[in-house]
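Colleague: Got a minute to walk me through this one? I'd like to start with the ligand.

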Amino acid sequence: MNLSEYDISNPYPATLIKTERITPEDSKVEVRHLVLELPEGDFHFVEGQSIGVLAPGPHEFGNKHHLRLYSIASPRKGEAGKPNTFSLCVRRCFYIDEISGEMYPGKASNYLCDAKPGDVVQITGPYGAHFSVPADSKSNLLMVGVGTGIAPFRAFVRHIYEERGGWEGRVRLFYGAKTGTELLYMNDKVKDFTLYYDEKTFKAFEAVSPRPAFDLPPDVDRLLLDNRQEVWSLIQDPNTYVYVAGLQDVAEKFEKAMITMAGSEEAWRKLRTELVAQGRYSELLY
Ligand SMILES: Cc1cc2nc3c(=O)[nH]c(=O)nc-3n(C[C@H](O)[C@H](O)[C@H](O)COP(=O)(O)OP(=O)(O)OC[C@H]3O[C@@H](n4cnc5c(N)ncnc54)[C@H](O)[C@@H]3O)c2cc1C
């Protein structure tokens, strides 16, 4: 859906209550975990939804709004179980102007990363329901993400283990970042996901870029192929739900690995069509 089609007529004032850098200070990439609080009311969300952020102007070309979407990283009962709160995982973006060669900060992401506790951010939504949690807790969940694509999975995993009290099916997270320190919520600084390593049904697999100095994306396809037996048995199980999140590149890498496992592009297409038709394949890509 085009950004201009999102309903932004009813923005909510969200107060930033916490902002924390979750990549190390010496890392080239700045990603922040932001916790926002809403006035008590009717803002309800579920895992896998996104919110809109209206970055204040002035904007180029007379545009009234600069709207960007961010995945909610908290489960439905709020951040740390606190109602009316939710978190975001935001990467500070920069862009190189192709003509001048100059680097410019991305508007919404820099606005969010620069915000201080107490600042009020106008948000809209929530939008989408890309990822829904299966009703049957014996279902297997195969999650594949890169970078800030981890946000909806953080919400998801917290929901099933903390809010629903556990999960019986296999939960497998295949996650990648450029370097080990950029493995969000899993690096030495912030270890959110390690909380679940003790859960009998949860397992995380991590990939980093083959040569991070050259800014190559992480080898998620290699990671999936290295764990082919596990992944393929999950994909073929009619009780498995597949979720892919993050930059477009992650979907391409997932496809590449699946084509290899399926034996041909045609075989994978057929399987993928079945998964989609049965509501067992969801993507949240940007
Ligand atoms: C469903 C969804 C969920 C998302 N979830 C997350 C999330 O959880 N975390 C997250 O960090 N991001 C997320 N994003 C991405 C996010 O919405 C923004 O796209 C991102 O933060 C960049 O926005 P910005 O306003 O900072 O940059 P913008 O100012 O919008 O710049 C973005 C684009 O404008 C162009 N551009 C901007 N400035 C220049 C310039 N000076 N010269 C040339 N070109 C330029 C570039 O083409 C660039 O692609 C999500 C996106 C979607 C669609």
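Colleague: So how many residues surround the ligand, and which are the closest?
Modeller: The ligand has 21 residues around it, the closest being Tyr104, Gly106, Ala108, Ser109 and Tyr286. A residue gets in if its C-beta atom, placed from the backbone, lies within 6 Å. Bear in mind that this is a predicted model: local features need pLDDT of at least 70, side-chain atom pairs count only at pLDDT 80 or more, and totals for chains, interfaces and linings use all residues. Residues are numbered from 1 along each chain as its sequence is written.

Colleague: Where does the ligand lie relative to the domains?
Modeller: Between domain 1 (3-127) and domain 2 (140-285), because both give residues to its shell. Those bounds come from an automatic or database domain assignment.

Colleague: Which elements supply at least two shell residues each?
Modeller: β4 (66-71), β5 (85-91) and α1 (107-114) do. Helices here are DSSP runs of H or I with at least four residues, strands are E runs of at least two, and both are numbered from the N terminus.

Colleague: What does β5 pair with?
Modeller: β5 runs antiparallel to β2 (residues 31-37), with seven bridges between them; DSSP must find at least two for strands to pair. Val90 in β5 sits opposite Arg32.

Colleague: Switching topic, what's the strand order in the open sheet?
Modeller: Five parallel strands, ordered β11-β10-β9-β12-β13. β11 (202-208) and β13 (281-285) each have a single partner strand, so one side of each lacks a neighbour in the sheet.

Colleague: And which residue does Tyr243 bridge to in β13?
Modeller: Its bridge partner there is Ser282.
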